[in-house]
Amino acid sequence: MDRFSWSNGLLEINETLVIQQRGVRLYDGDDKAKMDLGITLLSTHRLIWRDIKNHECCIAMPLSQIIFFEEQAAGIGKSAKIVIHLHPVPANKEPGPYQYSKYSYIKLSFKEHGQIEFYRRLTEEMTKKRWENTPVSQPIPTGTGSQTRAVGIVGIERKIEEKRKETDKNISETLNEQPLHHQTSARGSRYNSVIERGGMMALTEVYCLVNRARGMELLSPEDLVNACKMFESLKLPLRLRVFDSGVMVVQLQSHSEEEMIASALDNVSEKGSLTAEEFAKLLGLSVLLSKERLLLAEKMGHLCRDDSVEGLRFYPNLF
Amino acid sequence: MSFEWPWQYNFPPFFTLQPNVDTRQKQLAAWCSLALSYCRHHKLYTLDVMEAQESPMFNNKKIERKLSMEAIQVVFEELRKKGNLEWLDKNKSRCLVMWRRPEEWGKLIYQWVSKNGMVNSVFTLYELSNGDDTEGEGMAPF
């Protein structure tokens, strides 16, 4: 109950009344609240309660205070209730009827029924969260919203105004993209470093990075493959490589096969044995690619495998 | 005297049939030699494929590895090609293991016979395998 603040019972600008129900008694947790019967109002922003006799006595709490709520069916001599669980008291809360409560939930007891409809509307409001879109403190902006159908000169003026705002938005978005471009070039250098570290990169990863860097006018997978096939004729320091399994990678031209095999053998010898996952961690390479390397080293007769229930491990070829 | 396992026996990849052709050849050679020396040590002449998989020969409990049925068949087939094994039935479930091939035995007996100056004499099978003269010549199981 200490989440409630005193209120004048008036709705704020932007706030709309959703439903009201007479004959509701409040419970502070499991205890009856010190107030008598009253009217409970549900608005798009708040839960409001007003004493039925003393209209001065009116309290409210924002819907954002609600964590979740549940129905409690009626029983013999008991009215149906809605239990509402609440977030802790915010620091800047206005004073209310309760300074302190040991409960983190309240109950609405419906003496004159109506709990089903109330529950339904409360669920609706909690899903829509309309209080988030239009904070009550904010004054109504003039001439916004396409819902306002206006005709005549006023309508045209509004349309012009809307268009101007949209152009404004577009311009600022375009400006925002400038720093984005810087980010993408930063990504480009990361891409280089990845390639340099592992010496190779799966074509799928390349595809993702290239298109993320482009942002718009995306490259098709076919175009990328075809572009990679031209590495050689364009004398670029990269090469497209197709493993026996069909996996395609882009690798540095300087990155020779012998070196790759030698490094795989070195790593495996050092650790005794390695799985593709462990090797991937060591190299900072994808599992797929590390496996390809191990398989290549196996194919060249430098490694051999132990295929058991524990997984596929590679050992130096001692045979 | 306990059987001395080759080093490969404690090398986990030994129990996985290697896909690399060269590696596999070396692996199979090691298996063949292991199988023959194991049978020789334990005086085994026939093997049941199903039982073989559970025997220590193909099942290293220490490193929790055992050769798969398929791999055992490959090893046996390799032994057959080398002339150390003959299938006893069409289903290839039982086999005769000859840790000395018939040719080797022939050579061995002939050597023993000539060494003792008994070429062109007649021997019974019993004399050869259990006779006093052949004692210590490794023919006991013959």
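**Exercise 1. Place chain B in outline.**

In chain B, residues 24 or more positions apart account for 50% of the contacts with a separation of 6 or more. Two residues are in contact if their C-beta atoms, placed from the backbone, lie within 7 Å. Residues are numbered from 1 along each chain as its sequence is written, and chains are lettered from A and ligands numbered from 1 in the order in which they are written. This is a predicted model, where local features need pLDDT of at least 70, side-chain atom pairs count only at pLDDT 80 or more, and totals for chains, interfaces and linings use all residues.

Task: state the confidence, the elements and the burial of chain B.

Solution.
- Step 1. The model scores ipTM 0.76 and pTM 0.48. Chain B averages a pLDDT of 85, and 92% of its residues score at least 70. pLDDT is the predictor's confidence in each residue, from 0 to 100.
- Step 2. Chain B has 5 helices and 5 strands. Their order from the N terminus is α-β-α-β-β-α-β-β-α-α. Helices (H or I, at least four residues) and strands (E, at least two) are DSSP runs, numbered from the N terminus.
- Step 3. Of the 142 residues in chain B, 22% are buried. A residue is buried if 20 or more other C-beta atoms lie within 10 Å of its own, exposed if 12 or fewer, and partly exposed in between, with C-beta atoms placed from the backbone.

**Exercise 2. Check the span of α1(B), then list its buried residues.**

Solution.
- Step 1. α1(B) has 21 residues, which should span 30 Å at 1.5 Å a residue. The expected span is 1.5 Å times one less than the number of residues. The end C-alpha atoms of α1(B) are 30 Å apart, which agrees.
- Step 2. Its buried residues are B:T23, B:Q27, B:L28, B:W31, B:A35, B:L36, B:Y38 and B:C39.
- Step 3. An α-helix has 3.6 residues a turn, so residues three or four places apart point the same way.
- Step 4. The buried residues of α1(B) pack against α3 (69-82) and β5 (94-97) of chain B, and against β14 (303-308) of chain A.

**Exercise 3. Describe the packing of α1(B) on α3(B).**

Solution.
- Step 1. Two packed helices are described by the angle between their axes and the distance between the axes.
- Step 2. The axes of α1(B) and α3(B) come within 9 Å and cross at roughly 80 degrees. Axes are lines fitted to C-alpha atoms, for helices over the stretch in contact, and angles run from 0 to 180 degrees between N-to-C directions.
- Step 3. α1(B) and α3(B) are therefore roughly perpendicular to each other. Angles under 35 degrees count as roughly parallel, over 145 as roughly antiparallel, 65 to 115 as roughly perpendicular and the rest as oblique.
- Step 4. From α1(B), B:L28, B:W31, B:C32 and B:A35 meet B:V74, B:V75, B:E78, B:L79 and B:K82 of α3(B). This contact has 7 nonpolar, no polar and 2 charged residues. Ala, Val, Leu, Ile, Met, Phe, Trp, Tyr, Cys and Pro count as nonpolar, Asp, Glu, Lys and Arg as charged, and the others, Gly among them, as polar.

**Exercise 4. Locate B:L17 and B:K43, and say whether each is buried or exposed.**

Solution.
- Step 1. B:L17 sits in the segment before α1 of chain B. B:L17 is buried, because 20 other C-beta atoms lie within 10 Å.
- Step 2. Leaving aside neighbours within four places in sequence, B:L17 is in contact with B:R24, B:A71 and B:V74. B:L17 and B:S68 are 51 residues apart in sequence, yet 8.5 Å apart in space, C-alpha to C-alpha.
- Step 3. B:K43 lies in the loop between α1 and β1 (46-48) of chain B. Its phi is positive, near 50 degrees, in a residue other than glycine. B:K43 counts as exposed, because it has 9 C-beta neighbours inside 10 Å.

**Exercise 5. Describe the contact between the chains.**

Solution.
- Step 1. The contact takes 12 residues from chain B and 12 residues from chain A.
- Step 2. On the side of chain B that touches chain A, helix α1 (residues 21-41) gives the most, with 5 residues.
- Step 3. By class, that side of chain B has 4 nonpolar, 5 polar and 3 charged residues.

**Exercise 6. Contrast the burial of α4(B) with that of α1(B).**

Solution.
- Step 1. Helix α4 (residues 102-115) of chain B has 14 residues and reaches 20 Å from its first C-alpha to its last, close to the 20 Å expected.
- Step 2. α4(B) is hardly covered, with a count of 0 buried residues. The buried residues of α1(B) include B:W31 and B:L36.
- Step 3. Just after α4(B), B:G117 takes a positive phi of about 60 degrees.
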